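Me: I would like to work through this structure slowly, one question at a time. Could you reason each step out before giving the result?

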Amino acid sequence: MTTLDFSRFGTSVAVDEREGYEGYLVSADKLVEFATALRDEYGYDYLSSVTGVDYIAEEKFEVVYHAYKTIGGAELVFKVQVARDKAEVPSLIDIYPGADFQEREAWDLLGIKFTGHPDLRRILLWEGFEGHPLRKDWQEAYYEEDIKPFKSRWPKAEYTRAEAQNPYGANVKYPDQFDPEKWVPEGEDALYGSLAKYETTDESGLKTDHLTVNLGPQHPSTHGVFRIAATLDGETIMNLKPVMGYLHRNHEKIGERNTYLQNMPFTDRLDYLSSLSNNFGYALAVEKLLNIEVPERAEYIRVIMAELTRIQNHLFAIGMFLNDLGAFFTPSLYAIEERELVLDIFEMVTGSRMMCNYFRFGGLARDLPAGSLQKIKDLVFDRLPRKTDEMDRFLSENEILRSRTVGQGYLSTEDAIKYASAGPVLRASGVPYDIRRAAPYSIYDRFDFNVAVRYNGDIYDRYIIRLDEIRESIKILQQAVEQIPEGEIQTGKPRYQMKVPAGEAYGRVEGPKGELGFYLVSDGKGNPYRYHVRAPSFINLTAFGPMCKGLKIADVVAVLGSIDIVLGETDR
Amino acid sequence: MYGKGLLKGLGVTLKRFADTYLDDIKWMGKRYYTAEGLAHRSSKDAKGIFTVQYPEEKLPVPEEFRYVPFLVYDEGEDGEILNRCTACGICSKVCPPQCIWIERALDPKTQRPIQEPSQFIIDVDICMNCGLCAEFCPFDSIKMDHDYEIASYGRTVHHLDDLLKPASYYDEIRPVNSTREAAARKEAEEAKAAKKAAREAKAAARAAAKTD
Ligand code: SF4
Ligand code: SF4
């Protein structure tokens, strides 16, 4: 990491000198000033990740920030520590609006208050929820032990069903003296209250009230359980807030109970359309902590799998997006056909079509089985280029598609950066930021490919950029399948339990939906002390409201489709 | 010209539509319900209709396909069940959702634990089909099955009797893996035997030296 000169802040900014840690410790009262300088003077214009860690033994919380320059380069990590019983940190929402949802998440799950945040409500859990589940002293329903493996499993099988231990009704903790009959959902009021109220009068003196409409949570266009609360003037969107968390399962708490290896199959379930990319990010983070290398052949296979994942994800995204526009299922089934062929390869290599669980620390679970490389070659040299062109011919010039998408749902370059948008959403707004180029990981620096970028920032560009990316991925694949060497696929012996050196690590990859990051803190034991996922589906929604302002209600669906979210990852 | 894009798009769908029938004619009825037909429909050259008429037609699963775990047993001389599992507990420790319960058997006389499970329970409804148990079992005992038609009306919990399947079944569903594993086992055994022989030879030599 580069060292920067922060001497003007005196003792308020100090280098984090804990063993295995990096970055700077900033005192809470200087945080806003520091962040402003970081953005305006040092060029760190992109605040990618905000999260918290509960250091319960030391009686404090730490808020961890990862910032980047959109022109590329390594991250700058800075942290703020506050006492556990007075957990208040100034909000950075004015400097980096992309912190909005992430600060709300840290408030929801850890109970850290961000002063100055205009809308600090719970985001993943419901408003009547008691406690903050990522605190180390919080225990979930069906709690058994702090860490796995549990003792009841072996050598005496004390078999019980989880639900028998915790009959329905006792597995939710309510606040003291909670009476469901009398409960007024404060959060709902707050939600609607946070959508600006307004009233207009037209020339003739006719008054129009605002109207609040809920789309979802059960709505076909949301691709899952997801709600949009919108304020309308006639059909025009005045303000809009996404409501999520219906699929929340506290992935991160589960991750902190699990051993490092046990988390691997759980990452599959984040963005379940691109499990191999999730594996990749997590493996990188743990490998950083363990400080191990990956053999050449395994690196190639990793890249091949990650790029195939991107292709099938984008195919699915395009197909479903067309569904959202009302092109009912023909385009999406055309896309799904090609995706099936890619999934056939996943099944052959990893054993599963979607829940691949294929990466291991220092390598892979197994080598490519006989015949699979040929299948991949068939696809990347023959079928996929042909079918991508067909898709393009089929859709891109279609007048209906164009009239619904060109110039709609505009996100400016500045806003895309400001709201910490990632992946195709960021690049379609004219920011050529791709981690594979900006801070290459694995062996991406060896391949010849272009960073797909489009400049109009509208729905159409967010559609077409996915086709561009498929083409670039095919390019990478064509090189990778030709160059792949023979050899080992795993460094050292595969291990299911290991001690991981204490410290922190942030592993990030350019997932199909954007920057997918895993922030890990190890206390030197076999289970991660903190396990956080920087989920692109979640953070990309920060810009959703601003993108929709001024559009017609029917276009909301198109904008959402163009962001491409997966609720498994959004809600975690 | 307005509408050109639309026409181009419609051309793509029309071609697909025609392809389905052209391919049907080319295959002269063999496109469906035959292994070659299925293989063709899931190959890079597939055209036209793509769907498989499950359950009349089934896609073959690749060797690495994993569903739920089962236990492999070797068949003794008279069909006796020789469970490979030694109740070492590794699979239950590695299992992410902790859905494997193992009870180690006790010697009826001494009440000391022996290397055999007296009960083995997998809560299949909780199993996440990750395959880690099979990956880390040191005795090639727990393996992932190919049989995916296990829907039931109640909860699926497999006990030792449900889990045990013969080694011949395993060899059949995973020929490459089972051959490789058998070779590795043989090699390990031979190495062990060679070591033992060397040790015995050494001891004999020492004994001979002593008597001299
Ligand atoms: S199945 Fe394998 S890993 Fe599990 S207890 Fe038996 S021998 Fe050990
Ligand atoms: S497949 Fe995974 S979840 Fe299922 S029993 Fe084995 S280790 Fe457990």
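Reply: Let us begin with a definition: a residue counts as buried under 20% relative accessible area, as exposed over 50%, and as partly exposed in between. Please keep in mind that this is a predicted model.

Me: Is A:Glu58 buried, partly exposed or exposed?
Reply: A:Glu58 takes part in a salt bridge with A:Lys60, and the closest N and O atoms of the two are 3.5 Å apart. The relative accessibility of A:Glu58 is 45%, and the class in between runs from 20% to 50%. A:Glu58 therefore counts as partly exposed.

Me: How many residues apart in sequence are the parts that A:Glu256 and A:Lys136 tie together?
Reply: The side chains of A:Glu256 and A:Lys136 meet in a salt bridge, with 3.0 Å from N to O. A:Glu256 belongs to helix H5 (residues 251–257) of chain A, whereas A:Lys136 sits in the loop between E7 and H3, so the pair ties together parts whose separation in sequence is 120 residues.

Me: Which residue of that pair is buried?
Reply: A:Lys136 has a relative accessibility of 25% and so counts as partly exposed. For A:Glu256 the value is 7%, and the cut-off for buried is under 20%. The buried residue is therefore A:Glu256.

Me: What is the relative accessible area of A:Arg383, which forms a salt bridge with A:Glu337?
Reply: The closest N and O atoms of A:Arg383 and A:Glu337 are 3.9 Å apart. This pair links distant parts of the chain, with A:Arg383 in helix H10 (residues 372–395) and A:Glu337 in helix H9 of chain A, 46 residues apart. A:Glu337 is buried, with a relative accessible area of 11%, and A:Arg383 is buried as well, with a value of 0%.

Me: How many salt bridges are found over all chains?
Reply: Side chains of opposite charge can pair when their charged atoms come close. Some of these pairs join into a network, as is the case for A:Glu307, A:Arg310, A:Arg427, A:Asp434, A:Arg436, A:Glu469 and A:Glu510. A search of the whole structure gives a total of 68.

Me: Which residue of the nonpolar surface patch lies in helix H9 of chain A?
Reply: A:Phe328, A:Phe329 and A:Leu333 make a nonpolar surface patch of about 320 Å². Helix H9 covers residues 330–350 of chain A, and the residue placed in this helix is A:Leu333.

Me: What is the phi of B:Gln98?
Reply: Most residues other than glycine have a negative phi, and most peptide bonds are trans. B:Gln98, in the loop between helix H3 (90–94) and strand E3 (100–106) of chain B, counts as buried at 1% relative accessibility. B:Gln98 is a residue other than glycine with a positive phi, near 55°.

Me: Which proline of chain B follows a cis peptide bond?
Reply: In chain A, a cis bond with omega of about 0° joins A:Trp154 and A:Pro155. In chain B, the bond starting at B:Tyr54 is cis, with omega near 5°, and it leads to B:Pro55.

Me: How many charged residues are in the shell around ligand 1?
Reply: There are 14 residues around ligand 1, and B:Cys85, B:Cys88, B:Gly89, B:Cys91 and B:Cys137 come nearest. By class, the shell holds 11 nonpolar and three polar residues, and the number of charged residues is none.

Terms used: Residues numbered from 1 in each chain as written. Chains lettered and ligands numbered in written order. Predicted model: local features only at pLDDT ≥ 70, side-chain atom pairs only at ≥ 80, totals over all residues. Heavy atoms only, no water. Patch = residues over 30% accessible without salt bridge, like charges linked within 9 Å, V, L, I, M, F, W, Y side chains within 5 Å. Areas by Shrake-Rupley, 256 points an atom, 1.4 Å probe, with all protein chains shown as cover. Salt bridge = Lys/Arg side-chain N within 4 Å of Asp/Glu carboxyl O. Helix = DSSP H or I, 4+ residues; strand = E, 2+ residues; numbered from the N terminus. Near = heavy atom within 4 Å. Nonpolar A, V, L, I, M, F, W, Y, C, P; charged D, E, K, R; others polar. Buried < 20%, exposed > 50% of the residue type's maximum accessible area, 1.4 Å probe, protein only.
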